[in-house]
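This briefing concerns strand pairing and charged side-chain contacts. Please consult the sequence and the structure shown below while reading.

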Amino acid sequence: MARMSEGSAQTQSPPLSGLRVIDFTHVLAGPACAYFLGLLGAEVIKVESLDRGDAMRYRGGTDSERAEAGMSTAYLTQAAGKKSIALDLESSGGKAVMRRLIETADILVENHRPETMTALGFDEAKLQEMNPLLIHCAMTGYGRKGNMENAPAYDVNIQAACGLMALTGTAETGPLRTGAPVMDYATALAAGFAITAALHQRNRTGQGSFVDVSMLETAFTLMSSTITDFLVTGHSPQPRGNAANSRSPGAGNFTCKEGTLSLGVNEEHQFRALAKVLGRSHWLTDARFADRRSRKLNSTALEALIAEALLSRTADDWETAMIENGVPAARLRSLPESLALEQTAARRYLHRDVKSGLQLPTLPFRIGEIAAHVPAFSPPRLGEHSAEVLAMLGYSAAEIRALEALGVVNEPLANRSSTATSGA
């Protein structure tokens with residue numbers, strides 16, 4: 001339906017080019033989903049409220065100046081490549097603009113409570129009437145149906161509700177949330193997966209569909225093996241600190257002469273390689289460690305011996321030696337150290353925006369021969385593309401000025417001199 005997004009420098013047409021996405025979302029999960037779709041070539045139009053827009057513009061991150069200016073680092077992370085239109089959706093004129101956007105769209109991504117969408121007149125039934133081809137993706141804390149479908153929820157609430165927080169940390173520390181909003185970004189990826197499946201279905205049936213994404217169920221999905229074990233055995237999982245989920249004695253974090261090393265020794269050949277690298281080949285003929293069952297029975301003794309051996313060299317040295325010999329291992333790194341890895345640079349995961357100079361995360365995969373999936377342009381200011389989007393929808397310059405005068409739509413003052421005659 002939609003025209004291809006501007007600014008694509010790819011030699012190969014992006015997989016979602018030609019699709020139009022209406023991003024009616026806020027905070028992290030919804031905006032991230034729309035951002036990912038944009039990185040894959042979709043045209044993304046972000047619909048924001050007139051007064052302050054996406055609340056995440058003003059909070060999140062440690063750069064207070066950017067946040068005060070409505071361009072917080074948390075907002076910038078998933079804002080590039082989108083056109084922003086600022087609308088008053090309480091007004092009849094604003095609703096009319098939104099209807100026209102929906103009628104021209106392939107995908108609507110929204111993360112409002114169902115009762116909010118109903119109050120605005122954009123519940124799933126009415127959206128289907130407006131555009132039978134629309135893929136309507138609704139992202140909520142707990143999903144549709146049930147007594148919690150209208151319950152508000154953020155990442156931290158879902159971490160608490162799903163049981164993950166109770167598993168993180170130790171008996172001494174008590175429950176801990178993860179250090180990053182993993183539920184938000186996992187939900188964004190889950191939604192993107194669902195949307196592309198719905199698009200494939202539309203290609204076969206010629207019909208749009210409603211995609212119902214639950215943050216809680218996304219969290220459950222990230223805990224799948226833990227859930228299965230509980231349901232099969234009845235053993236309620238307990239916090240285990242840095243011990244690996246496999247419960248193998250050679251899997252976990254170990255202190256070295258300098259730094260910490262994470263080992264993932266779970267298979268027989270990995271244990272043999274570990275013994276070789278550590279210079280402890282005699283473990284292979286020690287009855288206590290001769291096979292997996294014996295190692296499990298003597299796990300305390302084996303873990304102590306591994307810990308003792310690793311104290312002789314630095315984590316950096318051990319990581320190199322382990323990987324060279326096929327032992328799953330990684331040195332514990334800070335985020336700056338990890339981003340500075342040669343591997344990170346080789347993958348071109350971070351994209352440098354030419355206009356702003358910002359470095360932005362992209363996608364954890366590549367399709368075809370494309371070196372990296374990157375945004376088409378810089379993160380927009382609130383309402384930066386209002387006039388452009390209206391003109392694209394067929395509004396004349398006079399109609400745009402009238403909507404602005406009525407307070408239905410706005411855009412930054414700096415834009416008005418250059419867009420006042422658009423769509424005439």
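Are Asp23 and Lys82 buried or exposed? Both Asp23 and Lys82 are buried. The model is a predicted one, and the points below treat its strands first and its salt bridges afterwards.

**Strand 4 and its neighbours**

- Strand 4 spans residues 107–110, and its side chains point in two directions: Ile107 and Val109 one way, Leu108 and Glu110 the other.
- In a regular strand, side chains alternate between the two faces of the sheet.
- Ile107, Leu108, Val109 and Glu110 are all buried.
- Strand 1, residues 20–24, pairs with strand 4 in the parallel sense, over 4 bridges.
- Within this region, Val109 of strand 4 is the bridge partner of Asp23.
- Strand 4 also pairs in the parallel sense with strand 5, residues 135–140, again over 4 bridges.
- Ile107 has Ile135 in strand 5 as its bridge partner.

**Salt bridges of Asp23**

- The whole structure contains 17 salt bridges.
- One of them joins the side chains of Lys46 and Asp23, with an N to O distance of 3.8 Å.
- Lys46 belongs to strand 2 (residues 43–49) and Asp23 to strand 1, so this contact ties together parts of the chain 23 residues apart in sequence.
- Lys46 has a relative accessible area of 1% and is therefore buried, the cut-off for this class being under 20%.
- Asp23 is likewise counted as buried, because its relative accessibility is 0%.
- Asp23 also meets Lys82 in a salt bridge between their side chains, at 2.8 Å from N to O.
- This pair links distant parts of the chain, 59 residues apart: Asp23 lies in strand 1 and Lys82 in strand 3 (residues 82–87).

**Glu319 and Arg333**

- Glu319 and Arg333 form a salt bridge in which the closest N and O atoms are 2.8 Å apart.
- Glu319 is located in helix 15 (residues 315–324), whereas Arg333 is in the loop between strand 9 (329–331) and helix 16 (335–339); the pair therefore ties together parts 14 residues apart in sequence.
- Glu319, at a relative accessible area of 10%, is buried.
- Arg333 counts as partly exposed because its relative accessibility is 25%, a value assessed against limits of 20% and 50%.

**A salt-bridge network**

- Arg20, Glu43, Lys83 and Glu388 are joined into one network by salt bridges that share partners.

Technical notes:
Residues are numbered from 1 along each chain as its sequence is written. This is a predicted model: local features need pLDDT of at least 70, side-chain atom pairs count only at pLDDT 80 or more; totals for chains, interfaces and linings use all residues. Side-chain values use heavy atoms; hydrogens and water are left out. Buried means under 20% relative accessible area, exposed over 50%, partly exposed in between (1.4 Å probe, protein chains only). Two strands pair if DSSP finds at least two bridges between them. A salt bridge is a side-chain nitrogen of Lys or Arg within 4 Å of a carboxyl oxygen of Asp or Glu.
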